[in-house]
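Please open the structure in your viewer and keep the sequence panel visible beside it. The tour below proposes one selection after another and says what is to be found at each stop.

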Amino acid sequence: MPPRRKRKTTTKEETKLKKQREDCVTSIKSQSLTEDLGKPFSLRRCRAWFEHYAGEDEPDTIGPEGVEKLCKDLGVKPEDTVMLVIAWKLQAATMGFFTFHEWSKGMLSIECDSTAKLKAQLNGLKSLTRDSATFKKIYRYAFDFCRNQDQRTLDLDTAVTMIQLLLHDSWSLLDDFLQFLQNSKYKVLNRDQWCNVLEFSRSILPDLSNYDEDGAWPVLMDEFVEWYHHKYPPQSSSA
């Protein structure tokens, strides 16, 4: 008998087979991810995960390149607020760097030992900024996290960037305040000034009508109010 010819696969059948293979791969990946998320925290896995991002020259430190790689794997930008929340959870001392001590202690607190687990918690971590008391802690932490460790103040460019990041959704006077800062005599902000910016944004009305110039506000805020009134002169009420 002549050999049986192999039936030629049609384009429609090829498309169907391709989709079946893709569905199979997706199912396997999904099952693997579910199994990973269900595993209890392991310091050994946490160490291996850390080493994936640590530099060869400094195996106990994740540097800027490693942080950037982590962000890419998480699907977030380095300047995303959630990265600051993660750093706060780790109590990282220096922006752009994570030591293994910080990493292991912080990741244990949120029970993460893989990128998949951390990615699954991103929404929950970001939601922490919606709690007033927690946000205040994160905001205050940001001052030490972002300043140079050999200085007690925060340079103005960094301060402006961080205030923009942290308050852009909650303070109607933000653009005016940043304009004031960038055109002021100030080159740095100290801790008291930094903390009072948040308190001012929370307690003072958008028209500044409840601002007490004899209150305990730092001179920085007095000068901002004066600058604001000069830019937007209060309208006198008609008789």
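What follows is a walk through the chain, stop by stop.

**The whole chain**

Begin with everything shown as a cartoon, and keep in mind that this is a predicted model. The secondary structure of the protein comes to 12 helices and four strands, and of its 239 residues, 38% count as buried. If you consider the contacts between residues at least 6 apart in sequence, 65% of them join residues at least 24 apart.

**Helix H2 and a partner along the chain**

Select Leu 43, which belongs to helix H2, residues 43-53. Leaving aside residues up to four places away in sequence, Leu 43 touches Phe 100 and Ser 104. Now add Met 107 to the selection: Leu 43 and Met 107 are 64 residues apart along the chain, and their C-alpha atoms are separated by 9.4 Å.

**Helix H3 and its two sides**

Move on to helix H3, residues 64-74, and colour its buried residues, which are Gly 66, Val 67, Leu 70, Cys 71 and Leu 74. When you look down the axis of H3, these buried residues fall within an arc of 140°, so they line one face of the helix. As background to this view, an α-helix has 3.6 residues a turn, so residues three or four places apart point the same way. Give another colour to Glu 65, Glu 68 and Lys 72, which are exposed and sit on the face of H3 turned away from its buried side. Just after H3, stop at Gly 75, where phi is positive at about 80°.

**Two loop residues with positive phi**

Next select Gln 91, in the loop between helix H4 (81-90) and strand E2 (98-99). Its phi is near 55°, a positive value in a residue other than glycine. Is Gln 91 buried, partly exposed or exposed? With a relative accessible area of 48%, Gln 91 is partly exposed, because that value falls between the limits of 20% for buried and 50% for exposed.

Then go to Glu 111, in the loop between helix H5 (100-109) and helix H6 (115-120). Glu 111 is not a glycine, yet it has a positive phi of about 55°. The relative accessible area of Glu 111 is 58%, and therefore Glu 111 counts as exposed.

**Helices H8 and H9**

Show helix H8 (residues 132-146) together with helix H9 (residues 156-167), whose axes come within 11 Å of each other and cross at roughly 160°. This angle makes H8 roughly antiparallel to H9, and the crossing in which H8 passes H9 is right-handed. Which residues of the two helices meet? On the side of H8 they are Phe 135, Tyr 139, Ala 142 and Cys 146, and on the side of H9 they are Thr 158, Met 162, Ile 163, Leu 166 and Leu 167. By class, the residues of this contact divide into eight nonpolar, one polar and no charged.

**Helices H10 and H12**

Turn to helix H10 (residues 174-182) and H12, which pack at an angle of about 110° with their axes 10 Å apart, and H10 is therefore roughly perpendicular to H12. To see the contact, select Asp 176, Phe 177, Gln 179, Phe 180 and Leu 181 of H10, and with them Leu 220, Met 221, Glu 223, Phe 224, Trp 227, Tyr 228 and Lys 231 of H12. The residues of this contact comprise eight nonpolar, one polar and three charged.

**Helices H11 and H12**

Keep helix H12 (residues 219-231) on screen and add H11, for the two pack at an angle of about 50° with their axes 9 Å apart. H11 and H12 are therefore oblique to each other. Here Gln 193, Val 197 and Phe 200 in H11 meet Leu 220, Met 221, Phe 224 and Val 225 in H12, a contact with six nonpolar, one polar and no charged residues.

**Last stop: Asn 196**

Finally, select Asn 196, which has its place in helix H11, residues 191-203. Is Asn 196 buried or exposed? Its relative accessibility is 13%, so Asn 196 counts as buried. Apart from residues up to four places away in sequence, Asn 196 touches Trp 217 and Pro 218, and displaying the side chains of these residues together completes the tour.

Methods. Residues numbered from 1 in each chain as written. Predicted model: local features only at pLDDT ≥ 70, side-chain atom pairs only at ≥ 80, totals over all residues. Heavy atoms only, no water. Axes fitted to C-alpha atoms, helices over the stretch in contact; angles between N-to-C directions. Parallel < 35°, antiparallel > 145°, perpendicular 65-115°, else oblique. Left-handed = near helix turned anticlockwise from the far one by under 90°. Contact = heavy atoms within 4.5 Å. Nonpolar A, V, L, I, M, F, W, Y, C, P; charged D, E, K, R; others polar. Buried < 20%, exposed > 50% of the residue type's maximum accessible area, 1.4 Å probe, protein only. Arc of directions from axis to C-beta.
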